[in-house]
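Subject: Structure handover

Hello,

Here is the structure for your work, and the notes on what was found in it come after. Please read them with the model open.

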Amino acid sequence: MIKLRDLEYLDAIEKFKHFGKAADACHVSQPTLSAQLRKLEEQLNLTLVERHPRNVMLTAAGAALADKARKVLNTAREFEDTARTLADPLAGDLHIGLIPTLAPYLLPHITMPIAQALPHVHLYLYEKQTKMLLQDLDNGEMDVLILPWLDDEMKRFERYKLMDEALVLATPPNHPLCGKPNMRLSDLKDETILTLEDGHCLRDQAMGYCFTAGADEDKRFKATSLETLRYMVASGSGITLLPKLSVINQPESPVIRYTEFVDPQPTREIVIVIRSNYPRMEAVRTLVSTIRKAVENLGAAE
């Protein structure tokens, strides 16, 4: 009889391509993981893993069975979730993923309200880029994601809207657009915009607005974080679009100014994303209502 633990080992090898990292993720020693995989290969009469001195890879058979193993493990996790829900739908662990352009600015406003609304739920919070979070949600490693909605990448998931977050223009104080009354996106025509590096969904969303307005990106530099963008603007190196949540609690500064747009405002839709048929819907509904209340008028488009 094949054990779920053996499937976890195979899944970890497929994910990390490294015996040591896979063993750490499974909380076992490397010899234990290697020995169990050999036993699984003997049981199946198949070679699942190609072992090389410096790297590990799955055979074609191993890759095919790793995909099946992941589906079995997801089903087992859903079975456990359903059992916990039947015992107490508002208890247990909840793994929540957020993106770096949202997590540090939203979490201070919602963690306490969530803890009060779901006192028997243990929150585990993760900060990763969108692509990695969606993979984790698919794999059952995340329960809930809080992030901007992207139609093409997320249409296979269910979503619950939390807010429309405005984007504001960040400029040095001597820039011609600084504090401009009735600022419109069309005012960005022929401007050069500082951006985040590839992989951040905010980059694509912000530049979509800028390209439509006739602006271009600054190809000399791509930031890894919003804080890097903020410092670049403060140093007089250019202008950029920042989410409103990231600026509402910023102290007054003589080196950077934030200007809001009039209609139509550039925005990003912040949502909760879950897998279809996720079993803990009572917890999700409580989470949605709690966050909506906590962010009411907070960074929202006017």
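The lining of the largest pocket consists of 26 residues, and those nearest the pocket centre are Glu 8, Ala 25, Arg 77, Gly 140 and Glu 141. Please keep in mind throughout that this is a predicted model. The volume of the largest pocket comes to about 840 Å³. Four elements each put at least two residues into the lining: α1 (4-16), α2 (19-26), α4 (60-87) and β3 (91-98). The biggest share comes from α1, which supplies seven residues. Sorted by class, the pocket lining has 13 charged, nine nonpolar and four polar residues.

Enclosed space is a separate matter. The search gives one cavity of 30 Å³ or more, and the volume of the largest cavity is about 60 Å³. Its lining takes two or more residues from each of β7 (192-196), α8 (201-213) and β9 (240-243). Residues lining the largest cavity include Ile 193, Leu 196, Leu 202, Arg 203, Met 207, Leu 229 and Thr 240. By class, the lining of this cavity has eight nonpolar, two polar and one charged residues.

For the overall frame, the protein has 302 residues, and 46% of them count as buried. Its secondary structure amounts to 10 helices and 11 strands. Along the principal axes, the C-alpha atoms fill a box of roughly 70 × 45 × 30 Å.

Now the charged pairs. Side chains of opposite charge can pair when their charged atoms come close. Across the whole structure, 22 salt bridges are found. Three of these pairs and one network are described below.

Glu 41 and Arg 51 form a salt bridge through their side chains, at 3.4 Å from N to O. Glu 41 belongs to helix α3 (residues 30-44) and Arg 51 to strand β1 (residues 49-51), so this bridge ties together parts 10 residues apart in sequence. Glu 41 is buried, at 9% relative accessible area, while Arg 51 is partly exposed at 27%.

The side chains of Glu 269 and Arg 159 also meet in a salt bridge, with an N to O distance of 3.7 Å. This one links distant parts of the chain, since Glu 269 is in strand β11 (residues 267-274) and Arg 159 in strand β6 (residues 158-171), 110 residues apart. Glu 269 counts as partly exposed, with a relative accessibility of 22%. Arg 159 counts as partly exposed too, at 39% relative accessibility.

Arg 159 has a second contact to look at. Its charged end sits over the ring of Trp 149, 4.1 Å from the ring centre. As for ring-to-ring contacts, the structure holds zero aromatic pairs.

The third pair is Arg 220 with Asp 218, a salt bridge in which the closest N and O atoms are 2.7 Å apart. Which partner is buried and which is exposed? Arg 220 is exposed, with a relative accessible area of 70%. Asp 218 counts as buried, at 5% relative accessibility.

The network of salt bridges links Asp 11, Glu 14, Lys 17, Asp 67, Arg 70 and Lys 71. Within that group, Lys 17 is placed in the loop between α1 and α2. Lys 17 is partly exposed, at 37% relative accessible area. The C-alpha atoms of Lys 17 and Asn 55 are separated by 6.7 Å, with their positions 38 residues apart along the chain.

One more loop residue is worth a line. Ile 99 is in the loop between β3 and α5 (103-117). Ile 99 counts as buried, with a relative accessibility of 2%, which is under the 20% cut-off. Its C-alpha atom lies 7.7 Å from that of Ile 146, and the two residues are 47 apart along the chain.

Regards

Methods:
Residues numbered from 1 in each chain as written. Predicted model: local features only at pLDDT ≥ 70, side-chain atom pairs only at ≥ 80, totals over all residues. Heavy atoms only, no water. Phe/Tyr/Trp six-rings, centres within 6.5 Å; stacked < 30°, edge-to-face > 60°. Lys NZ or Arg CZ within 6 Å of the ring centre and 35° of its normal. 1 Å grid on protein atoms, 1.4 Å probe; cavity = no way out; pocket = protein on both sides within 12 Å on 5 of 7 lines; lining within 4 Å. Points joined across faces, edges and corners; volume = space filled by probe spheres on them. Nonpolar A, V, L, I, M, F, W, Y, C, P; charged D, E, K, R; others polar. Salt bridge = Lys/Arg side-chain N within 4 Å of Asp/Glu carboxyl O. Buried < 20%, exposed > 50% of the residue type's maximum accessible area, 1.4 Å probe, protein only.
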